[in-house]
Number of protein chains: 2
Amino acid sequence: MSPQQTFVHSSGAPMYMETSSAPTNIATIKYWGKADAKWNTPINDSVSVTLNQDDLKAVTTVAASSSFEKDRLWLNGEEEEGAAANKRFRACIDGVRALATAKKDADGKVLVTKEGWSRMKIHVSSYNTFPTAAGLASSAAGYAALVAALTLLFGAKEEFPGQLTTIARQGSGSACRSLDGGFVAWRKGGEKADWSDSLAEQVANEKHWPEIRAVIMVVSDAKKDTSSTAGMSTSVETSLLLKHRAETVVSKRMETIEKAFLAKDFETFGQLTMADSNQFHATCMDTYPPIFYMNDISNSIIRIIHAYNKWAGKIRAAYTFDAGPNAVLFTLDEYAVEVGALMLHYYPEFGENYVNNPDFGMKIKAFDLDDGLLEATAKTGREPKSGEVKMMYYTSSGPGPQRLTDTILNLDTTTGLNTYMYKK
Amino acid sequence: MSPQQTFVHSSGAPMYMETSSAPTNIATIKYWGKADAKWNTPINDSVSVTLNQDDLKAVTTVAASSSFEKDRLWLNGEEEEGAAANKRFRACIDGVRALATAKKDADGKVLVTKEGWSRMKIHVSSYNTFPTAAGLASSAAGYAALVAALTLLFGAKEEFPGQLTTIARQGSGSACRSLDGGFVAWRKGGEKADWSDSLAEQVANEKHWPEIRAVIMVVSDAKKDTSSTAGMSTSVETSLLLKHRAETVVSKRMETIEKAFLAKDFETFGQLTMADSNQFHATCMDTYPPIFYMNDISNSIIRIIHAYNKWAGKIRAAYTFDAGPNAVLFTLDEYAVEVGALMLHYYPEFGENYVNNPDFGMKIKAFDLDDGLLEATAKTGREPKSGEVKMMYYTSSGPGPQRLTDTILNLDTTTGLNTYMYKK
């Protein structure tokens, strides 16, 4: 380990620090509904594409010192009062610390014993490079970065493969899928009483299908109406269709989509991705009272994508929507500029930072859309209109959490207090 | 029978005419998906409230004469070319004619033998008093009026109870439920090879629960994107949730809602009505490609109704949506003005014919909505806005088809040609 991680607190006590980034992930077979609220386990399997941290990530610094008075957490620069007692936050700190190992210096001298970690309080500062709670799985990236940073800090060792993902899952369910790159499945588990078999495993890494791209249409960055946790709970209680989906539909879809990903079969992958997004939103509508995450703008994107694929005679783009109105459009490298240009045509530029990637932005502005494609998609009834989509992100698939040693830390190296100031 | 029905065609041949009106109906447990396309039978039972013809109806005149050259049909004043070969139209004419009886004059002299009807061609003119194909079940009223008028014309006698509903069903599925008043169930049938057991039966007549009211919010009178027939076909092929709904969910709901209607239990009736509307639209969303009949305006009405009921501490209004964005709000006499006033508040007047019933219009304008109710419903995010709802219909439950003898006929009594001119 590199020397940056040990500092001296102004009180004179040692202070150990680590920083990790983690990616967000977008499920193509959706998680909706908890089997066990205490363990935060799902009623069905799910699988997701890990997005590239160059474009979207959470960055979390953790520090441990005997000079700290209590566990503290800063999110996007703002301290969360009472975080030390927060069940999810606690599960991550205590869970990773239970796997801690002794920390030694370069000469093998013990600096902190395994038990010694328990005598220190923890400071955490985390920020996202994308809008919080806008349906872009910010909590997944945040809890994955927390678990990854704590793992480095405590030198934690898993007792079985995937154990760290069971801890991240207790922070935020889908966080377990952000601890790895590429295509990652969350197996629902439930054979073991402590749900230690409800864990994530990589189906294929980010190098397996490097042509995968994602164009994200940020329809709204407002906080969502119904939180995922509350929504899931109501759905499990009231939707008969959700129960059927979890018990009967998902397991076959998991098998098919994992095979499709391994075979780089975009036709099957895309078709199932779209069908499963729709089924998830169908179960939300079947909830009583119903939950609406998509809106008319989301629906117009769906219609355009179906018209596009029909025009192309094959699936070139596949939409998926999480618990919010934003569309994530999966496509392949060869079609990405066309997909972006099509979206720019119907949801034209609104402000200069409309596209996160300037190079992609220039390419999609310059791209000449086929007349037949414009005619086919115009039949959906959508007319080009500014202001309804706030931003487009272009990204690819990427690896799991990264240790950051040469970045500015979010916590002060002398006081252990937050230094990161959130900028909108 | 009254003497109006016999006329003399300009050619000198007798011409027999009858006119019937029929109501529309609004399903509270929805029909979606055909079991047999040829017989037009459903994959699940359904049940509906028959609306009052004073407010919404189809009026159909039929004429038979040996001087007619072919079967002809006028809809809302426009002739439908090729109607004689239309499968649905044919099924109704031929189906009712197979049950014909001989026509006699007052002295018992036979004017037309049972077989004689087959030697005459039929002219039909039908109009609706509400927008066609706007999701207000216009085809149900139209085919019910056609079957009812033909029944009068041919003096048709059923061989078993409900036989005429099996004929109307072949015109338009839900038309079978418009042949009776009050609360009418359509039993899916399927035990008999000719589907003669797929028929409608009255659960309770319109006098059983006279306090039932409906406020209809016409969100759009545009023709819908996906026709019901095409939509159902795609849903049956692709939605796994629809299959589950039809096989497992609906039969229990039918039993519960029929009991609730008989017990005048609005709480259960309303809750199931809303849940089943949502489930129907959920199966549309689970269809591939997905079908969206509701829009953001529809969704805002749903949110307001849930907030209203929550504020009231009981169900005072229940929404239901057919294959279109229009909301039908069932309520009771005692809450109808409040429901109308609430809708008028959030979807304010737009033109002078906004409310079909002037008395109701005045009452809802004068009604003083509770401040707590306005506060509770404002939390849905809806702000009052004109122009999104084009019209409000206020109506009640009513009887089945009515013979019209003192009305102006839609067909000329000398030529048998259409006289009704459609006025928007």
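These exercises work through a cavity, two sets of paired strands and a salt bridge in a predicted model.

**Exercise 1. Find the largest cavity and describe its lining.**

Step 1. Search the whole structure for cavities of 30 Å³ or more; the search returns 1.
Step 2. Take the volume. The largest cavity holds about 180 Å³.
Step 3. List the lining. It has 18 residues, and Met285(A), Asn299(A), Met285(B), Phe292(B) and Asn299(B) lie nearest the centre.
Step 4. Assign the lining to elements. Helix H6 (266–285) and helix H7 (296–312) of chain A, and H6 (266–285) and H7 (296–312) of chain B, each give two or more residues. H6(B) gives the most, with 3 residues.
Step 5. Sort by chemistry. The lining splits into 11 nonpolar, 5 polar and 2 charged residues.

**Exercise 2. Work out the strand order of the open sheet of 4 strands in chain A, and identify its edges.**

Step 1. Recall the principle. Strands of a sheet pair through backbone hydrogen bonds, either parallel or antiparallel.
Step 2. Read the order: S3-S6-S13-S14 of chain A, with antiparallel pairing.
Step 3. Find the edges. Strand S3 (25–29) and strand S14 (199–204) of chain A each have a single partner strand, so one side of each is left without a neighbour in the sheet.
Step 4. Check the twist. Neighbouring strands are turned by 35° against each other on average, direction ignored.
Step 5. Inspect one pair. S6 (residues 46–50) and S13 (residues 183–187) of chain A are joined by 4 bridges. Ser48(A) has Val184(A) in S13(A) as its bridge partner.
Step 6. Add the helix. H5 (residues 240–262) of chain A packs on the sheet and touches S3, S6, S13 and S14 of chain A. The direction of H5 makes about 155° with that of S13(A).

**Exercise 3. Compare the pairings of strand S8 (residues 72–75) of chain A with S12 and S9.**

Step 1. Take S12 (residues 121–128) of chain A. S8(A) pairs with S12(A) in the parallel sense over 4 bridges. Leu73(A) stands opposite Val124(A).
Step 2. Take S9 (residues 78–79) of chain A. S8(A) and S9(A) run antiparallel, joined by 2 bridges. Leu75(A) stands opposite Glu78(A).
Step 3. Look at the turn. S8(A) and S9(A) form a hairpin with 2 residues between them. Asn76(A), in the turn, has a positive phi of about 50°.

**Exercise 4. Explain what the salt bridge between Asp322(A) and Lys30(A) ties together.**

Step 1. Count first. The whole structure has 36 salt bridges over all chains.
Step 2. Take the distance. The side chains of Asp322(A) and Lys30(A) meet at 2.5 Å, N to O.
Step 3. Place both ends. Asp322(A) lies in the loop between S16 (317–320) and S17 (327–332) of chain A, and Lys30(A) in the loop between S3 and S4 (34–36) of chain A, so the pair ties together parts 292 residues apart in sequence.

Note on methods:
Residues are numbered from 1 along each chain as its sequence is written. Chains are lettered from A and ligands numbered from 1 in the order in which they are written. This is a predicted model: local features need pLDDT of at least 70, side-chain atom pairs count only at pLDDT 80 or more; totals for chains, interfaces and linings use all residues. Side-chain values use heavy atoms; hydrogens and water are left out. On a 1 Å grid over the protein atoms alone, a cavity is a set of points where a 1.4 Å probe fits but cannot get out, and a pocket is an open set with protein on both sides within 12 Å along at least five of seven lines; lining residues have an atom within 4 Å of a point. Grid points are joined across faces, edges and corners, and a volume is the space filled by probe spheres set on the points. Ala, Val, Leu, Ile, Met, Phe, Trp, Tyr, Cys and Pro count as nonpolar, Asp, Glu, Lys and Arg as charged, and the others, Gly among them, as polar. Two strands pair if DSSP finds at least two bridges between them. Axes are lines fitted to C-alpha atoms, for helices over the stretch in contact, and angles run from 0 to 180 degrees between N-to-C directions. Contact means heavy atoms within 4.5 Å. A salt bridge is a side-chain nitrogen of Lys or Arg within 4 Å of a carboxyl oxygen of Asp or Glu.
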